[in-house]
Amino acid sequence: MAVEHKLIPSAKALSESLRDIGYSLETAIADIVDNSISAGADQVAIHYVTDGPEPYLAITDNGHGMSGKAIIDALRHGSAVGPEPPHPGNLGKFGLGLKTASFSQCRRLTVVSSKDGVKSAAEWDLNLVNRRDDWVIRVLEEEDICRISQIQTIPSPGTLVLWRNLDRMHGGPTRGKHSAAINQQLIDTQRHLGLVFHRFLKGAARWHTALSITMNGHPIDAYDPFFTDHTFTQRLPDQTVYVGAHPVELKTYILPHYSNLGPDGHALYASHADLASNQGVYVYRNDRLIAWGGWFRLIPKGESTKLARVSIDYTSALDKYWTIDVKKSHVKPPSAVRTALDKILVPITECTVRLIQGRGQRVVTSEQESLWERFSGRNGPLYSIRTDHPLVTQLNGTLSDSAKAGLTLLLKAIVDELPVDMIFVDGTDLRKKPHTETISPEDRTHRLRLVLQTLPEHKQNCKEAFRDVATTTQLFSPSVIEKFISDEMT
């Protein structure tokens, strides 16, 4: 008969292995912020200090705090993550995040918390664990807590998570100098937190009040990957799929073409990589973004879908149906969700193709057409300038026969030499900001007057006719056109 034998893993070997799950600095900090949100905090402050004899990273929040017993339980590997059934405001899942995230960046993790006017603290020190080869933590006494220099930053109630012995972050504690690498880490972390927690930062999370996150005193701004407030963002009909008795919401967004973003929008998109790499599905668990980019291998990333984004929302009540890793960065959806997503990919692709091929401009409702036309050729799409466009016909009417021939030759040369491949490459990389000519208001008004003169005389007082022609040229923004109409055609 078999005999049971308790097999306790080596603390030294396993604790070192847990450091290599795959966290980056930004994903590790995000896991700590998850705990702050679950604790009801609406203010989280991150301080990264690289100067001095012992660099450290401290994360404080004004959540409900923990007792000494609760801290010890929180430091246990596989600690409880909340009530059953899980509350949708709780972002925990495995009971590992605090430890694995912290150990991925440091060797000494200290947690100090204030609750009911009492401060309690305990810490893991991996050097101690290795020496003893045992799962042993230190429970700090009052005098130990007072010696922690960051203790004054803890709100009451509130919690401090302190990382020291930062051997993974910048080459060890003896190299705690500001450097380009460290600064880039901080920039990447701010962008990551602004994206992952954008609903919380905007006050749009359903089970939590508006959240404030600062890094070294600077507020982190929300980054909305769907540009939901932008005039040119399009929405397709929402979908709801039920997994068991619980709904999963799918919302589809078609982003503005980059020509309609404006300077601020273009810079914002460029700062978060290019459109093509960020296309795809954005999965939210309890309003926290946990995975994004790609189409779950239903279709490859491509130019035809680069402006498309689909948000998928589910709550922790559906955790058993989703496969999610410890870092909360990779997920596998249930089959019902994949099926629903597969069905909406055709209209998504059609919509984005129309937008890209239409160069992002609004639909013109009059008889006027765009200056450029596109049609299918044997070896791919062809582009041509419309010779019947008002700008062309008006100019032709003022030229001699020889000059008309020269104009025809020039337009043909422009079409034949159009650098389609170069435009394609530049259009897929938003870090290459398209050049925009800067002209004075006087020159802009002069050009608009020339456009007005291309209209037949009986239409030169028709605002709609002028608006359509001016729009098709793509030389003027809608606001500039409307101002000209208001100033010159009233």
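A salt bridge here is a side-chain nitrogen of Lys or Arg within 4 Å of a carboxyl oxygen of Asp or Glu. By that rule, this structure comes to 23 salt bridges.

Before you start: this is a predicted model, where local features need pLDDT of at least 70, side-chain atom pairs count only at pLDDT 80 or more, and totals for chains, interfaces and linings use all residues. Residues are numbered from 1 along each chain as its sequence is written, and side-chain values use heavy atoms, with hydrogens and water left out.

**Exercise 1. Work out which parts of the chain the R108 and E123 salt bridge ties together, and how buried or exposed each partner is.**

Step 1: look at the side chains of R108 and E123, which meet at 3.3 Å, N to O.

Step 2: place the partners, using DSSP runs numbered from the N terminus (helices are H or I with at least four residues, strands are E with at least two). R108 sits in strand β3 (residues 108-115) and E123 in strand β4 (residues 118-125), so the bridge ties together parts 15 residues apart in sequence.

Step 3: check accessibility, where buried means under 20% relative accessible area, exposed over 50%, and partly exposed in between (1.4 Å probe, protein chains only). R108 is partly exposed at 25%, while E123 is buried at 2%.

Step 4: widen the view. R108 and E123 belong to a salt-bridge network with D125, R138 and R164.

**Exercise 2. Take the salt bridges D144 with R147 and E249 with R206, and describe each one.**

Step 1: for D144 and R147, the closest N and O atoms are 2.7 Å apart. D144 is partly exposed at 23%, whereas R147 is exposed at 58%.

Step 2: for E249 and R206, the N to O distance is 3.8 Å. This pair links distant parts of the chain, 43 residues apart: E249 is in strand β10 (residues 246-254), and R206 is in the loop between α8 (198-201) and β7 (212-215).

Step 3: add the accessibility of that second pair. E249 is partly exposed at 27%, and R206 is partly exposed at 42%.

**Exercise 3. Find the largest nonpolar core and say which helix gives it the largest share.**

Step 1: set the rule. A nonpolar core is a set of buried Ala, Val, Leu, Ile, Met, Phe, Trp, Tyr and Cys residues joined through side-chain atoms within 4.5 Å.

Step 2: apply it. The largest core has 45 residues, and those with the most contacts inside it are I29, I46, L57, L109, W163, F197 and I213. Helix α2 (residues 25-38) supplies the largest share, seven residues.

Step 3: zoom in on I213, counting a contact as heavy atoms within 4.5 Å. Leaving out residues up to four places away in sequence, I213 touches V33, V44, I46, L193, F197, L201, H218, P219 and I220.

Step 4: keep going, as there's a second, separate core of 30 residues, including V243, W322, L341 and L355.

**Exercise 4. Locate the unusual backbone geometry at P157, D133 and R297.**

Step 1: recall the baseline. Most residues other than glycine have a negative phi, and most peptide bonds are trans.

Step 2: S156 and P157 are joined by a cis peptide bond, with omega about 0°. P157 lies in the loop between α6 (142-146) and β6 (158-164).

Step 3: D133 has a positive phi near 50°. D133 is in the loop between α5 (126-132) and β5 (138-139), and is partly exposed at 39%.

Step 4: R297 has a positive phi near 65°. R297 is in the loop between β12 (288-292) and β13 (308-314), and is exposed at 84%.
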